[in-house]
Amino acid sequence: MNEDKIKVLLNNLYGKEYNVDNLHQKFNNLCSRYRSHRPEKLKELENRTPDLWYKSSNNICYILYPDLFAPDSPDSQKLNGVKNNLSYLKDLGITLIHILPILKSSGDAGFAVENYKEIDPKFGTMEDFRELTSKAHKYCIRIVLDMILNHTSDTHPWAAAAKNGDKFYQNFYLFGDSGQNWPGVPEIFHEFAPGHWDYIPELNKWAWSTFYKRHPLGVKEEKFPFAQWDLNYKNPEVLFAMMENLFFLANQGVDVFRLDATNFLWKEKGTSCVSLPQVHDILKLMHTGLEKVAPKSIFLAEAIELPQSIIKYFGDSDEAQTAYNISMMEAIWKAAATSDVTTIKEVSSKMPAIPPTCEWMLFTECHDANFISELDEETAIILYKYFLKNKGLPFMLKEGKPYSGAVSGTTWSLLNGNKDLILLLEAVKLTIGGIPMFYMGEELGVENDESYKNDPSKKDDSRFIKRIAIADKLRERRNIPGTKENILFSKIKELIALRKNHPASNLPPQFLDTANKSVLGYYKKGEEKTFYLANFSDKDQIVTLEDKSNKTLKPFQFEVINR
Ligand code: OTU
């Protein structure tokens with residue numbers, strides 16, 4: 001991006017109150033300082049890395065909590081535990097690891113950050129993290145890390161100073177006097193952290209808090225021993241301070257930054273405060289800076305919205321390079337729930353074109369609850385009922401609107417341990433297009449664990465039902481023939497290899513008319529034409545192929561035909 005564009009963006013955000021030339025100077029000084037700090041070996045890696053490395057069909061992402069992925073490692077050695085298990089991930093065919101938050105934090109499973117430049121001691125040290133990224137790069141595995149731009153913990157030094165009356169740091173957050181919701185602004189954690197404000201007894205004021213609050217409106221006693229206070233991006237000092245954190249982490253070896261809750265960055269009374277135009281200006285500036293410091297590191301936008309809104313996060317190829325394809329995730333689950341593949345075809349046909357430099361990331365399960373309500377109410381109701389029938393637990397429900405939120409549960413539990421259907425869901429995820437993602441344990445058939453309900457700090461948050469330790473002995477079961485771990489791991493490994501053998505896997509699908517609503521047929525045209533057939537029903541299905549031949553598919557059968 002040229003310098004004029006940077007000034008335009010700074011002017012959009014801050015021109016009314018600040019001198020844009022001074023801000024531009026500060027922006028470039030920050031970028032060049034961190035570029036000069038960048039380790040030589042990361043610069044060498046950049047030089048060996050193709051521009052659009054993330055678009056290769058070779059990419060498969062694995063999402064893990066270090067403490068749960070390495071439960072056998074002692075506290076403070078969790079990152080080393082992950083480092084010592086890279087061969088397990090390499091064996092599966094993983095090329096990207098989304099390491100869930102490991103920075104010093106005070107809650108929300110690491111999403112309430114207290115220090116962006118310090119690793120939480122329970123995981124290890126920043127040196128351990130640098131060793132992990134360095135060894136991962138040697139394994140041709142890249143690192144995804146959450147960049148939690150929207151909020152800090154209320155125990156972050158900035159928030160502590162604000163609580164102590166420091167005016168400079170009070171301007172890092174958004175304060176109000178009443179705690180009353182702004183009309184039209186959605187509540188995210190309605191059940192256990194209602195409203196948008198957190199009451200601060202020390203100041204007798206309210207801080208804007210989209211997520212966890214100590215004192216939600218109307219709750220006298222302290223509800224949680226921490227809060228997440230939203231940052232005030234109307235203050236350019238916040239932009240520069242968070243860019244500094246971003247660049248610091250990039251220089252530790254992070255390849256992909258998951259922009260957590262990025263759609264909430266800008267607040268304007270009278271609006272929904274979701275995905276406002278200023279959010280995109282902020283992200284374009286941050287990406288421009290990242291390109292100056294770490295030119296091959298990229299952004300993954302976490303915006304739980306419909307494709308029409310999500311594609312705005314790709315900008316003009318100058319914002320995020322990847323984003324979650326939430327509607328395809330919901331469509332795949334709907335096919336599993338109803339044996340009807342119509343929605344997959346509809347979602348795919350309505351998917352807006354994305355810039356050639358961008359790519360979707362597609363999970364069917366992640367560390368959060370399964371989303372159900374981004375498509376339409378019919379789908380939300382189907383998924384809600386299906387998931388709850390299969391041991392799922394509601395999450396983020398709006399009062400009186402049970403189909404409004406999400407449902408927590410592991411893939412194995414939500415599909416009732418139906419291995420054939422699980423493998424069909426994984427096969428479609430791996431070949432329908434975009435970078436496939438696996439949440440830790442999906443490949444081993446890990447089941448829901450309700451023990452989190454005994455922990456007062458977790459009992460209200462059903463997402464903990466799926467945040468389960470994977471001990472070495474569980475991982476070893478993948479080598480015991482006939483166990484579910486062996487069946488799932490080896491079949492998923494095979495499917496991943498199949499995907500990698502077809503460079504065209506990442507292209508959008510061309511659908512066949514199978515004349516059968518339970519059978520999804522699509523092909524990808526690379527050097528050869530590869531056809532995929534997926535039978536989502538529990539009965540034999542006969543389909544007519546392009547060459548007018550008939551083919552019988554067994555229940556939940558996935559068939560690949562090369563022409
Ligand atoms: C994100 O959540 C993270 O994925 C969650 O793990 C955190 O709790 C949350 O931010 C706060 O940091 O950004 O679109 O299941 O997906 O709250 C809203 C609901 C978020 C989460 C949702 C999401």
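Colleague: Which residue in β23 is the bridge partner of Thr-544?
Modeller: Asn-550 is the one that bridges to Thr-544. Please keep in mind that this is a predicted model.

Colleague: What makes β22 and β23 a pair of strands?
Modeller: Two strands pair if there are at least two bridges between them. β22 and β23 are joined by 4 bridges, so they pass that test. The two strands run antiparallel, and they form a hairpin with 5 residues between them.

Colleague: Which residues of β22 lie on the covered face, and which on the uncovered one?
Modeller: Gln-541 and Val-543 are on the covered face, while Ile-542 and Thr-544 are on the uncovered one. In a regular strand, side chains alternate between the two faces of the sheet.

Colleague: Which residue in the turn of that hairpin has a positive phi?
Modeller: Lys-548, with a phi near 70°. Most residues other than glycine have a negative phi. Lys-548 sits in the loop between β22 (541-544) and β23 (550-553).

Colleague: Why is Lys-548 called exposed?
Modeller: The word is used for a relative accessible area over 50%. Lys-548 is at 68%, so it counts as exposed.

Colleague: And what is Lys-391 called, exposed or buried or something in between?
Modeller: Partly exposed: its relative accessibility is 47%, and partly exposed covers the range between buried, under 20%, and exposed, over 50%. Lys-391 has a positive phi near 70° too, and its place is in the loop between α15 (377-389) and β16 (393-395).

Colleague: Let's turn to the open sheet. In what order do its strands stand?
Modeller: The order is β19-β20-β21-β24, with antiparallel pairing among these 4 strands.

Colleague: What makes β19 and β24 edge strands?
Modeller: Each has a single partner strand, so one side of β19 (510-511) and one side of β24 (558-562) are left without a neighbour in the sheet.

Colleague: How do you know that β19 pairs with β20?
Modeller: The requirement is at least two bridges. β19 and β20 (residues 519-525) have 2 bridges in the antiparallel sense, so the pair qualifies. Gln-510 stands opposite Tyr-523 in β20.

Colleague: Why is Phe-511 called partly exposed?
Modeller: Phe-511, which is found in β19, has a relative accessible area of 25%. Buried would need a value under 20% and exposed one over 50%, so partly exposed is the right term for Phe-511. Beyond its neighbours within four places in sequence, Phe-511 is in contact with residues including Ile-344, Ile-432 and Leu-520. Gly-521 is also on that list; its C-alpha atom is 5.8 Å from that of Phe-511, though the two are 10 residues apart along the chain.

Colleague: Which helix lies across β20, β21 and β24?
Modeller: That is α17 (residues 419-431), running at about 30° to β20.

Colleague: Why are α13 and α17 called roughly antiparallel?
Modeller: Angles over 145 degrees get that name. The axes of α13 (residues 326-338) and α17 cross at roughly 150° and come within 11 Å, so the two helices are roughly antiparallel. The crossing is right-handed. Ile-332, Trp-333 and Ala-336 in α13 meet Leu-421, Leu-425, Val-428 and Lys-429 in α17. Those residues divide into 6 nonpolar, no polar and 1 charged.

Colleague: How do you know that α2 is roughly parallel to α10?
Modeller: The limit here is an angle under 35 degrees. The axes of α2 (residues 20-37) and α10 (residues 236-250) cross at roughly 15° and come within 10 Å, so α2 is roughly parallel to α10. This crossing is right-handed.

Colleague: What kinds of residues make up the contact of α2 with α10?
Modeller: There are 10 nonpolar residues, no polar ones and 4 charged ones. From α2 they include Leu-23, Phe-27 and Arg-33, and from α10 Phe-240, Met-243 and Glu-244 are among them.

Methods: Residues are numbered from 1 along each chain as its sequence is written. This is a predicted model: local features need pLDDT of at least 70, side-chain atom pairs count only at pLDDT 80 or more; totals for chains, interfaces and linings use all residues. Side-chain values use heavy atoms; hydrogens and water are left out. Contact means heavy atoms within 4.5 Å. Axes are lines fitted to C-alpha atoms, for helices over the stretch in contact, and angles run from 0 to 180 degrees between N-to-C directions. Buried means under 20% relative accessible area, exposed over 50%, partly exposed in between (1.4 Å probe, protein chains only). Angles under 35 degrees count as roughly parallel, over 145 as roughly antiparallel, 65 to 115 as roughly perpendicular and the rest as oblique. A crossing is left-handed if the near helix is turned anticlockwise from the far one by less than a right angle, and right-handed if clockwise. Ala, Val, Leu, Ile, Met, Phe, Trp, Tyr, Cys and Pro count as nonpolar, Asp, Glu, Lys and Arg as charged, and the others, Gly among them, as polar.
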